[in-house]
Amino acid sequence: INQDGQSGNDRPNLVGGQPLGIPHPNRTDQLKEWFNTAAFSKNAITAANPTGNGDAGRNIIYGPSFRDVDLAVFRNFKVYERMVLQVRAEALNVFNFVNLNNPVSSMSASNFGSITGAGTMRQLQLGMRLTF
């Protein structure tokens with residue numbers, strides 16, 4: 001919550017007695033609420049707190065993990081004495097892992113705490129190169 005006009009460096013207040021993490025019965029519920037949104041409250045600008053910073057620490061919420069395996073295979077074929085044809089096959093995220101984006105961290109957003117997207121899926125490309 002940016003209350004003082006600075007570049008998004010304000011932090012919210014923690015609500016006592018609320019855990020940050022909550023168990024989820026399935027993946028859909030986990031994507032809707034990655035962390036306990038009830039554990040945070042908006043901070044207010046007061047005389048005692050003119051910047052509006054809350055008491056939540058930095059980096060107390062972790063996003064989803066990231067996994068990626070890339071693969072490249074190529075073979076050289078000698079066409080003539082000084083001419084080589086290289087055939088390449090490349091796969092990015094070859095096992096097609098689902099890499100979720102970080103949750104929405106703006107308390108003013110309607111989807112605060114939810115994950116709304118994922119990274120790129122498997123990408124394949126083929127290529128040839130002629131060297132002479």
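The side chains of E90 and R88 meet in a salt bridge, with nitrogen and oxygen 3.1 Å apart. This is a predicted model, and that pair accounts for the 1 salt bridge it holds. Neither partner falls under the 20% limit for buried residues: E90 has a relative accessible area of 22%, so E90 counts as partly exposed, and R88 is also partly exposed, at 29%. R88 has a second link to look at, since its bridge partner in strand 5 is G127.

That brings us to the strands. Strand 4 covers residues 83–92 and runs antiparallel to strand 3, residues 71–80, with 9 bridges joining the two. One place to see this pairing is L71, which stands opposite A91 in strand 4. Between strand 3 and strand 4 there are just 2 residues, and the two strands form a hairpin. On to strand 5, residues 123–131: it is joined to strand 4 by 9 bridges, again in an antiparallel arrangement.

Stepping back, the protein chain has 1 helix and 5 strands. If you follow the sequence from start to end, the pattern reads β-α-β-β-β-β. Of the 132 residues, 18% are buried. Contacts often reach a long way along the chain: take those between residues at least 6 apart in sequence, and 61% of them join residues at least 24 apart. The accessible surface adds up to about 9,600 Å², with carbon and sulfur atoms making up 54% of that.

So what sits inside? The largest nonpolar core has 9 residues: W34, F35, A39, F40, A56, L100, M107, F112 and I115. L100 is a handy one to click on. Setting aside residues up to four places away in sequence, L100 touches R27, L31, W34, P64, I115, G117 and A118. Two of those, W34 and I115, are fellow members of the core.

The surface has a nonpolar spot of its own. V79, Y80, L130 and F132 form a patch there, and together they offer about 510 Å² of accessible area. V79 belongs to strand 3 and is partly exposed, with 42% relative accessibility.

Now for the loop between strand 4 and strand 5. Two asparagines are found there, N93 and N102. Which of them is buried, and which is exposed? N93 is the buried one, because its relative accessible area is 4%, while N102 counts as exposed at 56%. Leaving out neighbours within four places in sequence, N93 is in contact with R67, D68, V69, D70, N99, T120, M121 and R122. On the same basis, N102 is in contact with G63, P64 and I115. N102 and I115 are 13 residues apart in sequence, yet their C-alpha atoms are 6.3 Å apart in space. I115 is also one of the core residues, and both N102 and L100 touch it.

Here are the accessibility values for the residues picked out above:

| Residue | Relative accessible area | Class |
|---|---|---|
| N93 | 4% | buried |
| E90 | 22% | partly exposed |
| R88 | 29% | partly exposed |
| V79 | 42% | partly exposed |
| N102 | 56% | exposed |

Note on methods. Residues are numbered from 1 along each chain as its sequence is written. This is a predicted model: local features need pLDDT of at least 70, side-chain atom pairs count only at pLDDT 80 or more; totals for chains, interfaces and linings use all residues. Side-chain values use heavy atoms; hydrogens and water are left out. A nonpolar core is a set of buried Ala, Val, Leu, Ile, Met, Phe, Trp, Tyr and Cys residues joined through side-chain atoms within 4.5 Å. Buried means under 20% relative accessible area, exposed over 50%, partly exposed in between (1.4 Å probe, protein chains only). Contact means heavy atoms within 4.5 Å. Two strands pair if DSSP finds at least two bridges between them. Helices (H or I, at least four residues) and strands (E, at least two) are DSSP runs, numbered from the N terminus. Patches are made of residues with over 30% relative accessible area and no salt bridge: like charges are joined within 9 Å, nonpolar side chains (Val, Leu, Ile, Met, Phe, Trp, Tyr) within 5 Å. Accessible areas come from the Shrake-Rupley method with a 1.4 Å probe; for residues, only the protein chains shown count as cover. A salt bridge is a side-chain nitrogen of Lys or Arg within 4 Å of a carboxyl oxygen of Asp or Glu.
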